[in-house]
Amino acid sequence: MDLDVHVELAAEKLFSVGPIEVTNSMATMWVIMAIIILVFWLAARKRQLVPGKFQSSVEMIVGFVANLVYGTAGRKLGQKVLPLILGLFVFIWIANLSGLLPGVGSIGYYHEESHAEEVVAGDAADHDEEADSAVVATDDHAEEEHGKVLVPFIRPPNADLNMTLAMALIAVGAVQVFGIRAHGVGGRIKHMADPPFIFPIEVIGEVSRVVSLSARLFGNVFAGEVLLAVMFALGAALKIALLPVVFPVIFLFLELMFGTIQALVFSLLTLIYLTLASAHAHGSEHHDEAHEHDPARQPAPAPAVGD
Amino acid sequence: MAVKGAMDAIGRNPEAAGEIRSTMIIGAALAEAVAIYAFVIAIIILFV
């Protein structure tokens, strides 16, 4: 069975504007941003008290996130963080769904490799795909696999670790900003060093939040892309009537679900971190009380490290 | 385990089924994330 699956870890370069290399992930991200802005602008432009179909469907998304935010963070803080959380959720959601469109990862141009490793495209792609790329992995770029490499025009933005890392940095940065705004710089440090020895653990916890948020989203979306590619290739390789069409549908559905859940998880975790960071004396009182009774609960940020 | 807990909770309090279900799904996604980290690290080691 010959599976023609091409896996590319980094986003591929399409063209460059000056010193900035525009990758396919970036291009897709711009398109998605334009679509989101356009949809929300259209929905808000002619808003009415009794909404039409279009307006109410957008309102449902906003209302869903607003309920979540107000339920977790409360009214006062919720109003401040709602734009961030709503933006994160909608963007990640639409971006994840963009990976399911037909043509994503399959429409592109063949990129001629000018590097020394000129392998004839075609049959070389078939056999030792894994072995091939393992050999290539010792080189600097995973790109020079074969003579020709398909560079897709569309690639889900979150299948690029840079993108998710940037979003996680924004999220955790916002956590610090809101924490400092609520308690002041000294208060924030005091908040983190509740028993003083826990401060280093808290700092590590903050850093690991960046890693965990970004790696989770990237891993899910990237794994989803690879899974879909493998399943389509597998379905095509089986060559049984209609099976290639029907077989991947299960996984498309799975990806639909995961895309939504991961968008929800990312924004919900950001929201929870924000709420924890800007919790007031009332919250820390609870905290004290809790670990007086139950010493096992003392390293409160530990779950954040794990997830 | 998480699903069992959720089922117990729904059985005890059927009105809250929707909320419990969504919380369960988020919890399951978080548990799954550990495997995803392993995958990400494996892929990065493989390709970089």
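Two residues are said to be in contact when heavy atoms of theirs lie within 4.5 Å of each other. Keep that meaning in mind on this tour, and keep in mind too that the model on your screen is predicted.

**First stop: helix H8 of chain A against helix H2 of chain B**

Select residues 249-277 of chain A, which form helix H8, together with H2(B), and look along the place where they pack, with their axes 10 Å apart and at an angle of about 90 degrees. That angle makes H8(A) roughly perpendicular to H2(B). Now show the side chains: from H8(A) come A:Phe258, A:Ile261, A:Gln262, A:Leu264, A:Val265, A:Leu268 and A:Leu269, and they meet B:Ile25, B:Ile26, B:Ala29, B:Leu30 and B:Glu32 of H2(B). If you colour these residues by class, you will find 10 nonpolar, one polar and one charged.

**Second stop: helix H6 of chain A against the same helix of chain B**

Keep H2(B), which covers residues 17-47 of chain B, and add H6(A), whose axis comes within 8 Å of the axis of H2(B) and crosses it at roughly 80 degrees. These two helices, H6(A) and H2(B), are therefore also roughly perpendicular to each other. On the H6(A) side, select A:Ser212, A:Ala215, A:Arg216, A:Phe218, A:Gly219, A:Asn220, A:Phe222 and A:Ala223, which meet a set in H2(B) that includes B:Leu30, B:Ala33, B:Tyr37 and B:Ile43. The residues of this contact divide into 11 nonpolar, three polar and two charged.

**Third stop: the whole interface**

Next, show both chains in full, where 16 residues of chain B are in contact with 23 residues of chain A. The area buried between the chains is about 1,700 Å², and carbon and sulfur atoms give 80% of it. Which three residues of chain B supply more of the area that chain B buries against chain A than any other three? Select B:Leu30, B:Tyr37 and B:Phe47, which together supply 35% of that area. By class, the side of chain B that touches chain A has 15 nonpolar, no polar and one charged residues. If you look for salt bridges between chain B and chain A, the count is zero, while two residue pairs are in polar contact between them.

**Fourth stop: a salt bridge within chain A**

Over all chains, the structure holds three salt bridges. One to select is the pair A:Glu206 and A:Arg188, whose side chains meet at 3.4 Å, taken from N to O. A:Glu206 sits in helix H6 of chain A and A:Arg188 in helix H5 of chain A, 18 residues apart, and the pair links distant parts of the chain.

**Last stop: helices H2 and H5 of chain A**

Finally, select residues 53-98 and 161-192 of chain A, the helices H2 and H5, whose axes come within 12 Å and cross at roughly 175 degrees. H2(A) and H5(A) are therefore roughly antiparallel to each other. Among the residues that meet here are A:Leu84, A:Leu88 and A:Phe91 in H2(A), and A:Met167, A:Ile170 and A:Phe178 in H5(A). The residues of this contact divide into 11 nonpolar, no polar and two charged.

Technical notes:
Residues numbered from 1 in each chain as written. Chains lettered and ligands numbered in written order. Predicted model: local features only at pLDDT ≥ 70, side-chain atom pairs only at ≥ 80, totals over all residues. Heavy atoms only, no water. Axes fitted to C-alpha atoms, helices over the stretch in contact; angles between N-to-C directions. Helix = DSSP H or I, 4+ residues; strand = E, 2+ residues; numbered from the N terminus. Parallel < 35°, antiparallel > 145°, perpendicular 65-115°, else oblique. Nonpolar A, V, L, I, M, F, W, Y, C, P; charged D, E, K, R; others polar. Buried area = accessible area lost by both parts, 1.4 Å probe. Salt bridge = Lys/Arg side-chain N within 4 Å of Asp/Glu carboxyl O. Polar contact = N/O pair within 3.5 Å; in protein donor to acceptor, adjacent residues only side chain to side chain.
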